[in-house]
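Trainee: Could you take me through one part of this model up close? I would like to see how two helices meet, and then how that part sits in the whole.

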Amino acid sequence: MILRRFYNDNLAQASYLVGCSVTGEALVVDPNRDAAEYVAAAAREGLRVTHVTETHIHADFVSGLRELCALSGATAYVSRMGGTDWQYAFAASDGAMLLSDHDVFMVGNIRIEALHTPGHTPEHLTFMVTDTAGADRPMGAFTGDFIFAGDVGRPDLLEKAAGLSGTMEAGARQLFASLQHFKEYPDYLQIWPGHGAGSACGKALGAVPQTTLGYERLFNWGLAEQAESAFVTEILSGQPTPPPYFAQMKNVNRAGPVVLGAPPSASMSDMKTLLATLDRGALAVDTRTWKEFAAEHVRGSINIALNKSFPTWAGSFIPYGQPFHLIAADAASAERAVRELSLIGLDDVAGVTLSEGLAAAREAGNTQASDETGVAELQQSLGDARTTVLDVRNPGEWLGGHVPADAPGTSGGAKVLHIPIEQLVARIAEVPRDERIMVHCKSGARSAIATSILELHGIHAHNVRGGFDAWRAAGLPVSAAESGDKA
């Protein structure tokens, strides 16, 4: 048996290839849209991709199942569990095989058994892997978003991201039951999870690429002996705010993603073309660093830096189904940005303009700079009633402490407003337009994006360098959030 793991750092997403060296057949589990990498990896091992499956309808990236099947000629295997609302709409037209609990299929001499493990989603499957050439019982399991290293899948995404009211407690109870059944397997069973640290599909995922059921039984809180009620309370508390694009991904992956047929590429456009489209109300996303953006950028653009978090924030602030433009530092960055956007279904890139064209925008009077400030200046401004401190961290971070509303010994000072960055556009009317706005997050990365979004909406803001980490490091006072805070 041949096993290979693929990991996308920006999505914190793992996919797998498992192949039979005797027959040359291979299965890919949970592929993303970069289908060519799986075909190439299989060929290097003397294999061909003959089967493609996924553990569930993903929310954080566009499934590559259809793309890979089209490229390789493989057969798709998808869940039929979860009820009518969670069926794959494209299964019949694509000739996909539907899997129920305990269904089995063979990949050469490798036995794959599907287990229905609902909770994270109603249709979720876990795949048990047995190498029948030398064993009669499973050596490991592809657990998708069911069990991670150090954590278990969150059951609240359907309600919080997809808007299906009243589903998260039922999902939590389903997840608890699934875990109790799965704990009956032996300790030696290897666990190959679908995500690692940094994913929003759980709240405390480990960074190790694999684990064992025995180890998780000892140290994973979700598999500890506990009452169902205690588990439900814990699993539903402290979960990170899901990016807004998760709802879009659910719909795309259930209906069936568009098959691209070839890797996406950047279509270049000059600065004159970009400025003309901005005049007509188009969106431009500058992918350079905040430092470069703050020094000078095209008026009317927002900043989402091309770093590890680029897909998450791009999916949160670029509208789906509408053409948009990118600004990139160089051609390599442009190609990278377009590829990463395709992984979350943002395919409508109308053009990419290189930042070397800023001189032309400057001559046309269409550039500006952004303001930045430090925590010392932020502290000095707390006694000023004309200042609003905008905290764009998530609710868990806010509850752990925040900048106080005024300086010690003063009264009637600055206001502190908490709006998680994912909600900023929807709640933009809450941000005062006639005050000094000081924006911070944990380290300064999210607040940089927020500052650029506020500028786009005509609100002048100052990004706080180093964020709340710098505030704490300076030994400045911290206020604890009230338990009833709903922000």
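Mentor: Here is the helix pair, followed by the whole protein and a few loop residues.

This is a predicted model, where local features need pLDDT of at least 70, side-chain atom pairs count only at pLDDT 80 or more, and totals for chains, interfaces and linings use all residues. Residues are numbered from 1 along each chain as its sequence is written, and side-chain values use heavy atoms, with hydrogens and water left out.

Start with helix α11, residues 310-317, and helix α12, residues 331-342. Helices (H or I, at least four residues) and strands (E, at least two) are DSSP runs, numbered from the N terminus. The two helices pack at an angle of about 65 degrees, and their axes are 10 Å apart. Each axis is a line fitted to C-alpha atoms over the stretch in contact, and angles run from 0 to 180 degrees between N-to-C directions. α11 and α12 are therefore roughly perpendicular. That term covers 65 to 115 degrees; under 35 is roughly parallel, over 145 roughly antiparallel, and the rest oblique. The crossing of α11 and α12 is right-handed: the near helix is turned clockwise from the far one by less than a right angle.

Which residues of α11 and α12 make the contact? From α11 come Phe-310, Pro-311 and Ala-314. From α12 come Ala-337, Glu-340 and Leu-341. Contact means heavy atoms within 4.5 Å. These residues divide into 5 nonpolar, no polar and 1 charged. Nonpolar means Ala, Val, Leu, Ile, Met, Phe, Trp, Tyr, Cys and Pro; charged means Asp, Glu, Lys and Arg; the others, Gly among them, are polar.

Now step back. The protein has 17 helices and 23 strands. Its C-alpha atoms fill a box of roughly 70 × 55 × 35 Å along the principal axes. Of its 487 residues, 54% are buried. Buried means under 20% relative accessible area, exposed over 50%, and partly exposed in between (1.4 Å probe, protein chains only).

Finish in the loops. Thr-121 lies between β8 (110-116) and β9 (125-131). At 2% relative accessibility, Thr-121 is buried. Beyond its neighbours within four places in sequence, Thr-121 is in contact with His-56, Ile-57 and Lys-250. Asp-30 sits in the loop between β3 (25-29) and α1 (35-44). Its phi is near 55 degrees, a positive value in a residue other than glycine. Asp-30 is buried, at 4%. His-102, in the loop between β6 (97-99) and β7 (104-107), has a positive phi of about 75 degrees. At 45% relative accessibility, His-102 is partly exposed.
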